[in-house]
Amino acid sequence: MKRDDDNNNSRDTTAPRRADKSLSRRQLLGLGTATASAALLGQATGSGLLGPLPAAAEALPQVPRRTLGKTGKKIPILLLGGAVGFDRRFDPKIAEALRFGVNYIDAADCYNGGSCEPAVASFHKRAKARDKLWITTKSDAHDPEGFRQTVETSLKKLETNYIDMEYLHALEDGKYLSAGLKHVVDKLKAEKKIRHFGFSCHGSNVPELLQLAAKTPWVESVMFRYNFRKYDDRALNAAMDAAHKAGVGLIAMKTQGSEASFESAWKGFTKQGKWSKHQAVLKAVWADERITAVVSHMDSFEKLRQNIAAAVDKSELTGAEWRSLERYASATRALACDGCDHLCGAALPQGSEVRIGDTLRLLMYHDVYREPAKARELFGRLPEGARRLKEVDFGPAAAACPHGVDLAAHMKRALKVLA
Ligand code: SF4
């Protein structure tokens, strides 16, 4: 059987053609509206059977690309987060992103109850765009056999013969980077079922896992929680240096450093000079040359267009904008949780199984990402003991939080909206 990647082994065929004509930010936003409307119109009228993407894309400015560490492949600095819930028939946001060179989709076996991968399949089949896309997906099974089975299932769900990057999803324990797993990864690569391997992580031990990646030659990329609040984190910076030096391609996620709750308190920070708060924090991460790209939760055309506008604009943040961002970080510090629950968790009552970092992350899904059903579903999947928030005195844990997060208030709200 002819493979999808028969002719593509050594070239970066996912790279779109470079545009020879640049557009102003205003024109970009205008075009975005027009193309989005056209795509939506096609979908709404049921014309649906959208053919190959139009050549007009070549006239649009393209999001810059950087090399993803030792993979040697160039990917756009802005990546499409697959947890947004793509349209299962044909997602027009992916088509719109592709026009601007955003051709990397970050999927996972579990996103949106398992519907993410089939939605990506629908898109690439109908747009005839598999060879234009970089598809990363992730395995929630971390043991060798479970990982192998997940890859086989993902290949079927994605309706493709190869996966560009397979991650272990949300790795917490480095012991899973075992000789047995390496054997499976090597075999899957030899069979051309996966091209690259890495892991994602967002728990409290990200620095340790990055250090481990630096010492593990077969880990080619790590996606990890990183944002402008982390610039003075010495352990994390040392680990990023080590991983970068070892050629591990670094991808940042959770870049907004978003609040767990108290949305109204953030409203005064929505605009910081030329860029919105969301655009400014992306540009702040792109300013870090160790980072290849940022995966972004772009669940609307508006966010997609804003992020693309920030990416294609080559100007750097000004000193005033950096200072503004620092003030913003400092003024809102107590509203954001870093997931470092080894600090506050140690102060929970003995025997408590409550997971502060996970709970606040799900509260963020509820309040910030506006995904209440998903947040409740994921909370429901936590062990029963982790959901028993009512009986816990969070006072000592709050006192142990170096950022002054008001744990009692957040947990009270989590109990109300998640349980
Ligand atoms: S509450 Fe504070 S210590 Fe606990 S995980 Fe969040 S930021 Fe870290």
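**Helix α10**

I started with helix α10, residues 301-312, and checked its length in this predicted model. At 1.5 Å a residue, its 12 residues should span 16 Å. I found its end C-alpha atoms 16 Å apart, which agrees with that value.

Next I asked how many of the residues of α10 are buried. The count is nine of the 12, so the helix is largely enclosed by the rest of the structure. I wrote down the buried residues: Leu-304, Arg-305, Gln-306, Asn-307, Ile-308, Ala-309, Ala-310, Ala-311 and Val-312.

**Helix α2**

I then turned to helix α2, residues 92-99, which is mostly covered. Eight of its eight residues are buried. The list for α2 includes the charged residues Lys-93, Glu-96 and Arg-99. It also has Pro-92, Ile-94, Ala-95, Ala-97 and Leu-98. After α2 I noted Gly-101, which has a positive phi, near 90°.

**The whole chain**

I took stock of the chain and counted 16 helices and 12 strands. Of its 419 residues, 46% are buried. I also looked at contacts between residues with a separation of 6 or more in the chain. Of these, 80% come from residues 24 or more positions apart.

**The barrel**

I asked which strands form the closed barrel. There are eight, in the order β3-β4-β5-β6-β7-β8-β9-β12, and their pairing is parallel. From one strand to the next, the twist averages 30°.

I looked up where β3 meets β12. Strand β3 covers residues 78-81 and strand β12 covers residues 291-296. The two run parallel and are joined by three bridges. Leu-79 has Val-295 in β12 as its bridge partner.

I did the same for β5, residues 134-139, and β6. They pair in the parallel sense over four bridges. Thr-137 stands opposite Glu-166 in β6. I checked the burial of β6, residues 163-168, as well: six of its six residues are buried, and the strand is mostly covered.

My textbook reminder for this page is that side chains in a regular strand alternate between the two faces of the sheet.

I also noted a helix packed on the barrel strands. Helix α9, residues 277-286, lies across β9 (249-253) and β12. Its direction is at about 155° to that of β12.

**Leu-68**

I picked one loop residue to follow. Leu-68 is in the loop between β1 (65-67) and β2 (74-76). Is Leu-68 buried or exposed? I found 25 other C-beta atoms within 10 Å of its own, and 20 or more count as buried, so Leu-68 is buried.

I then listed what Leu-68 touches, leaving out residues up to four places away in sequence. The list is Lys-73, Ile-75, Ser-221, Gly-249 and Thr-292. I also looked at Ile-291, which is 223 residues from Leu-68 along the chain. The C-alpha atoms of these two residues are separated by 8.7 Å.

**The ligand**

Last, I looked at the 14 residues around the ligand and asked which come nearest. They are Cys-337, Cys-340, Cys-344, Cys-401 and Val-405. I sorted the shell by class and got nine nonpolar, three polar and two charged residues. Helices α12 (341-344) and α13 (356-367) each supply at least two residues of this shell.

Technical notes. Residues numbered from 1 in each chain as written. Predicted model: local features only at pLDDT ≥ 70, side-chain atom pairs only at ≥ 80, totals over all residues. Pairing = 2+ DSSP bridges. Axes fitted to C-alpha atoms, helices over the stretch in contact; angles between N-to-C directions. Contact = placed C-beta atoms within 7 Å. Expected span 1.5 Å × (residues − 1). Near = placed C-beta within 6 Å.
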